[in-house]
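This briefing introduces one structure to a reader who has not seen it before. Please look over the sequence and the model, then read the points below.

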Amino acid sequence: FNKEKERLFEPTEVLNLKVNDYKGHPIVVQKSSSVYDAIVQMFLEDVGTLYAVDSEGCLAGVISRKDLLRAAIGNKNLEDLPVSVIMTRMPNIITVKPEETLVQAAKKLVTNRIDSLPVVRELSNKSDSYEVIGRITKTTITKVYLEIAEQKSV
Ligand code: ADP
């Protein structure tokens with residue numbers, strides 16, 4: 001009876017969880033990489049989305065499973081096809097900042113019907129240029145939801 005009660009999440013606390021504390025490791029490829037190598041990388045890293053960067057390391061594109069499937073259907077030589085041709089490009093990429101909340105990230109995932117968001121930091125020397133520092137996926141949000149439901153601290 002005297003056992004200390006497990007810590008419960010307060011609603012305001014749940015709403016304030018920050019992207020920075022839950023972001024995962026981003027898997028990044030050069031935008032000059034071939035579609036073939038991107039497919040191999042996706043399997044090796046066991047992720048559903050790759051982020052493409054330019055030679056300066058700035059976020060240039062997003063490559064999803066279906067982007068790669070579509071490219072594989074329509075093209076014969078996947079080793080000669082760069083991912084820059086098939087990726088979703090800047091400025092059409094939906095990103096999230098580390099200081100935003102998981103609720104804001106979840107809203108972007110749902111309203112844009114996408115599986116993942118690159119977590120980015122704006123590069124001060126160039127406007128509209130971002131460095132990829134993490135990723136938030138639907139799995140990230142689902143895991144946090146479950147841990148809150150099970151009342152464990154995460
Ligand atoms: P899949 O295509 O495998 O179902 P998604 O639903 O995540 O995976 O992607 C759907 C489309 O949206 C793809 O063409 C992909 O390039 C694009 N996409 C994925 N994530 C983003 C993002 N963060 N911003 C903009 N476009 C994205």
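Among contacts in the chain between residues at least 6 apart in sequence, what percentage join residues at least 24 apart? The share is 58%. The model is predicted, and its chain holds 154 residues.

**Overall make-up**
- The chain contains 6 helices and 6 strands.
- From start to end of the sequence, these elements come in the pattern α-α-β-α-β-β-α-β-α-β-β-α.
- The C-alpha trace spans about 70 × 35 × 25 Å along its principal axes.
- Of the 154 residues, 25% are buried.

**Annotated domains**
- The unreviewed UniProt entry lists residues 19-81 and 87-153 under "domain: CBS".
- In the span 19-81, helix accounts for 40% and strand for 22%.
- The C-alpha atoms at the two ends of residues 19-81 are 34 Å apart.

**An open sheet of 4 strands**
- The strands of this sheet are ordered β1-β2-β3-β4, and their pairing is mixed.
- At the edges are β1 (28-30) and β4 (88-89), each of which pairs on one side only.
- Strands β1 and β2 (residues 49-53) run parallel and are joined by 3 bridges.
- Val-29 has Ala-52 of β2 opposite it.

**A helix on the sheet**
- Helix α3, made of residues 35-45, packs on the sheet and touches β1, β2 and β3 (59-64).
- The direction of α3 makes about 130° with that of β2.

Definitions and conventions
Residues numbered from 1 in each chain as written. Predicted model: local features only at pLDDT ≥ 70, side-chain atom pairs only at ≥ 80, totals over all residues. UniProt positions renumbered as here; feature names shortened; annotations may be inferred. Pairing = 2+ DSSP bridges. Contact = placed C-beta atoms within 7 Å. Axes fitted to C-alpha atoms, helices over the stretch in contact; angles between N-to-C directions. Buried ≥ 20, exposed ≤ 12 C-beta atoms within 10 Å, placed from the backbone.
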